[in-house]
Structures are given as C-alpha cells and as structure tokens.
Amino acid sequence: MKMPGNGAPYDIAFAGTGLAALSLAVRLAALPHPPRMVLVDPRREPVRDRTWCHWQLHETPFDSAITHRWHHWTVRNSTAGTAAPAAARTPYVRIPADQLHHLAMEKLGACPGAEFIRGTSVTSIENHTDYAVLHLSDGRRLASDWVFDSRPPEHHQAPWHQIFRGLELHSPEARLDTGTVTLMDFQSAGPAGVRFFYVLPLDAHTALVEDTWLVPSGQSPDFSDAEILAYAATNLGSAAWQIRHREEGHLPMGLSPSAPSAAKSKNRVILWGTPAGAIRPSSGYAFSRIQRASTRMAQAWRKHGRPAAQSAHDSPLLAWMDRVFLRAMTRRPERVPEYFTRLFNRVPPDALVRFLESEPRPTDILQVMSVLPPAPFLAAAFR
Ligand SMILES: Cc1cc2nc3c(=O)[nH]c(=O)nc-3n(C[C@H](O)[C@H](O)[C@H](O)COP(=O)(O)OP(=O)(O)OC[C@H]3O[C@@H](n4cnc5c(N)ncnc54)[C@H](O)[C@@H]3O)c2cc1C
C-alpha cells in the first residue's frame, strides 16, 4: 500500500455505495477537476431492493431515472375522517433503486478518477491526522485523504423505527386510479405503535402496496403477505393479485446525528447518509435531504478542495419539532393518525410539501403548528 503523507492514492473513499455515496460521487465526478475516488460495497450488482419517492422541489442528477409522477395524494383515517386528495405544484415522484444505481454508474463510468471495488466489505476504518485507511474483508487496505462512511448504523440507537414490507401486486382485472397515491391509510395497530398502508399505483393493473409500522425500539411487527393481499382485495378492486416483486425496510426514526464535524475535529472519516441523521425522524424520508447535503458538500469540495464541515440536515427549530412529535407519539401512538389527517386536511399542499421535505418557510411552520391539537404537543414539548 502506498502510504500517505501527501501520497494517499485516493482523495476520497466511500465505505458503502448506497444512495448517499452515489449522490455525492456523481456530483463530484461532474466537477471540472474531480477528486480521485474509490467506492467500496459488498454488493456486486445494483438491485431493486427499494423504491425512492420524494416531492420534486428541485432538480437532481437522477431525474432521468424517475418512472412516475403523481400530482394527487391522500391520507385516510377511519376514526378522524378522510383527507381529500391534495395537489401541489410539486409532484410526488418515484425512482426504483436499480435504475438510480445504473444511472450513477453510467455517470461515474465517464469519470476516469472513479473506481469501484465490489463484493468486498469495509470491516474497519483507521483514522489518522492526514489520512484514513479502510480495512477490507478481502484483506486489502486502502489509504485515502478522506472517507465518507455510509455503512448502515446499528438500529437500536434510535427510539422509534419504521418497519415495512411492500409487495408489487398485479391483477389484470383491477382498474386502479393511477393519478392518486395513498400515502397513509391508517389501520388499528394496538396500543404500542402506528400502522398504515401505502399504495403507489404504477399502472391501472399494478400497485406497490406497503404495510408500514412505526414501533418503539425493541418491538417488531408480524408481517404476512396474506394481510397485504387481503388489504388489496378489500381496497383495490380485485381479489386476484399476483406478487411481482417485494421490498422491505427498517428505518431508524430519531437517530441522533453523531457525525463529527470534519473541519472542527480534523477527523478524516465523515459519517454520511443514514448514520449522519439523513433520515427525517418524523417521516422516514431521506432522498431529498441526501440530495441537498450532497450538493452542499460537492460545492465545498469545488471551492476548497476538501470536505465542508457537515451541517445539520434540519434547522434547530425543525429538529426540535421532530423531537416533540416523537415524544407525542410515544405518549399517545393511537392519536398519530389524527395528527397526520389534520396536517393533510388543513395545511395547504405546497406548504405541507415544503415542511415534509425539510425546507419549510416560517409561514409553513406556523401553519403546521396551528393545525395540530395543542394539548398533546405542549405536554410533549414541556416534558
Ligand atoms: C425499502 C426502503 C424504501 C425507502 N423508500 C424511501 C422513499 O421512498 N423516500 C425516501 O426519502 N427515503 C426512502 N427510504 C429511506 C432512505 O432514502 C434510504 O434508506 C436510503 O437508501 C439511505 O441512503 P444511505 O446511503 O444512507 O443508505 P443505503 O442506500 O442503504 O446504502 C448503504 C450501503 O452500505 C453498504 N454496506 C453495508 N455494509 C457495508 C460494509 N461493511 N462495507 C461497505 N459497504 C457496506 C450497503 O450494501 C449499501 O449499499 C427507503 C429505505 C428503504 C430501506
């Protein structure tokens, strides 16, 4: 191994090549003088293990991988009423993971300084003053000036978890409304958690149907394909669904971002993506937050030739609101459907979209606060 001291073979090494690493790498590759990059991941091939949806407030390098755009969405709650389908200027869009990976590899393939190492895990990272060393499972060691570490964190570090199973279902006899996404169709979840179904209509006969649970740390729901099929039979206009594809997720909600600031600590290892708090605690959405953080980081590299100190994904006010939300959910999980129904019924869609995408204007925050019931949120705020 060529040892550092102004001689590490790479400017940047990525431990993990999921959404966060690729989002930054493609932006760096597009710079006039891209850094020398190495990207390490145990996966050998891109897989469609997830579907990324987000409200498209801004362009991203992955827009050509968007397969669907919806302008209407709804939230349903049997006890607190049904939110009418809402439409905002910004569409809700879908990108399948394999298509994003292929597009990213195409962009990185055109960059001579980008190298992939696949089928190998990073087992540990050694941090030095001027460089860092990745230890790989095949015994290799790689020195790099900087490391972006987006390996998944331990789940138990978060107080709440979003756990879901999705089935892509197809039925020739179905006639789905392809214009409206069901973001949340709340179901009874018992005392400990929150449960809803999420339905993305992909065409008149095909939908991704997800059974989603929000549960406190240590609990795990019992999933069954049969329950998802039963939901589809009752709600989607056909009893004969074939399963075409499946995806599962387990997202930490409220993981405290423990990323040390690169500039302040001179730490050469920068936590990135999920371990750096990219997942919004109150919703599980991360796509747009990762895009914004990647744009900021690439701009800093272009300007200074080194990473910027990581800034928080949320303003202190938004972070506080999410903490209060999690506390209110801990006290009375059964009221969560009512909170979301109020938000989707009463906050104008464009304002709510900016809030959900972590880019609220001050007036959006006031609108959100004004529609939530004060008692449980004040109790949670002043706990
Ligand atoms: C099924 C699913 C659906 C989701 N849907 C949405 C959505 O619709 N909208 C949204 O905003 N967010 C969504 N999310 C949340 C979030 O956007 C994703 O989790 C996103 O992939 C996070 O990016 P990441 O880079 O932090 O992690 P990942 O994309 O999970 O990347 C981590 C990478 O690290 C690699 N890795 C693991 N161990 C090692 C190791 N030892 N060495 C090297 N590499 C390693 C993994 O193979 C992986 O490639 C979803 C998450 C899941 C799981």
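**Exercise 1. Polar contacts of the ligand**

Task: Determine which atoms of Leu 19, Asp 41 and Trp 52 approach an oxygen atom of the ligand.

Solution.
Step 1. A polar backbone atom of Leu 19 lies 3.1 Å from an oxygen atom of the ligand. A polar contact is a pair of N or O atoms within 3.5 Å; within protein, one atom must be able to donate a hydrogen and the other to accept it, and residues adjacent in sequence count only if both atoms are side-chain atoms.
Step 2. For Asp 41, an N or O atom of the side chain is 2.6 Å from a ligand oxygen atom.
Step 3. For Trp 52, a polar side-chain atom is 3.2 Å from a ligand oxygen atom.
Step 4. On its own the ligand has 980 Å² of accessible area, of which the protein covers 88%. Accessible areas come from the Shrake-Rupley method with a 1.4 Å probe, and for residues only the protein chains shown count as cover.

The model is predicted: local features need pLDDT of at least 70, side-chain atom pairs count only at pLDDT 80 or more, and totals for chains, interfaces and linings use all residues. Residues are numbered from 1 along each chain as its sequence is written, and side-chain values use heavy atoms, with hydrogens and water left out.

**Exercise 2. The shell around the ligand**

Task: State how many residues surround the ligand, and identify which element gives the most to the shell.

Solution.
Step 1. The ligand is surrounded by 31 residues, a residue being near a molecule or strand if one of its heavy atoms lies within 4 Å of it.
Step 2. The closest are Asp 41, Cys 53, Thr 274, Ala 286 and Phe 287.
Step 3. At least two shell residues come from each of helix 1 (19-29), strand 2 (37-41), strand 3 (51-55), strand 16 (242-253) and helix 5 (287-304). Helices (H or I, at least four residues) and strands (E, at least two) are DSSP runs, numbered from the N terminus.
Step 4. Strand 16 gives the most, with four residues.

**Exercise 3. Cysteines**

Task: Give the number of disulfides, and decide whether Cys 53 is buried or exposed.

Solution.
Step 1. A disulfide is a pair of cysteine sulfur atoms within 2.5 Å; the structure holds zero disulfides.
Step 2. Cys 53 has a relative accessible area of 7% and is therefore buried. The classes are buried under 20% relative accessible area, exposed over 50%, and partly exposed in between (1.4 Å probe, protein chains only).
Step 3. Cys 111, at 6% relative accessibility, is also buried.

**Exercise 4. Salt bridges**

Task: For Arg 36, Arg 48 and Arg 246, find which residue is the salt-bridge partner.

Solution.
Step 1. A salt bridge is a side-chain nitrogen of Lys or Arg within 4 Å of a carboxyl oxygen of Asp or Glu. By this rule the count is 21 salt bridges.
Step 2. Arg 36 pairs with Asp 11, the closest N and O atoms being 2.8 Å apart. Arg 36 lies in the loop between helix 1 and strand 2 and Asp 11 in strand 1 (residues 10-15), so the pair ties together parts that are 25 residues apart in sequence. Arg 36 is partly exposed at 37% relative accessibility, whereas Asp 11 is buried at 16%.
Step 3. Arg 48 pairs with Glu 168, with 3.1 Å between the closest N and O atoms. Because Arg 48 lies in the loop between strand 2 and strand 3 and Glu 168 in strand 12 (residues 160-170), this pair ties together parts that are 120 residues apart in sequence. Arg 48 is partly exposed, with a relative accessible area of 25%, and Glu 168 is buried, with 9%.
Step 4. Arg 246 pairs with Asp 225, the closest N and O atoms being 2.5 Å apart. Arg 246 belongs to strand 16 and Asp 225 to helix 3 (residues 225-235), so parts 21 residues apart in sequence are tied together.
Step 5. Salt bridges that share partners join Arg 165, Asp 225, Arg 246 and Glu 248 into one network.

**Exercise 5. A nonpolar surface patch**

Task: Identify which residues make the nonpolar surface patch, and which helices each supply at least two of its residues.

Solution.
Step 1. Patches are made of residues with over 30% relative accessible area and no salt bridge; like charges are joined within 9 Å, and nonpolar side chains (Val, Leu, Ile, Met, Phe, Trp, Tyr) within 5 Å.
Step 2. Leu 317, Trp 320, Leu 366 and Met 369 make a patch of about 370 Å².
Step 3. The helices are helix 6 (316-331) and helix 9 (362-371).
Step 4. Leu 366 is placed in helix 9 and is exposed, with a relative accessible area of 56%.
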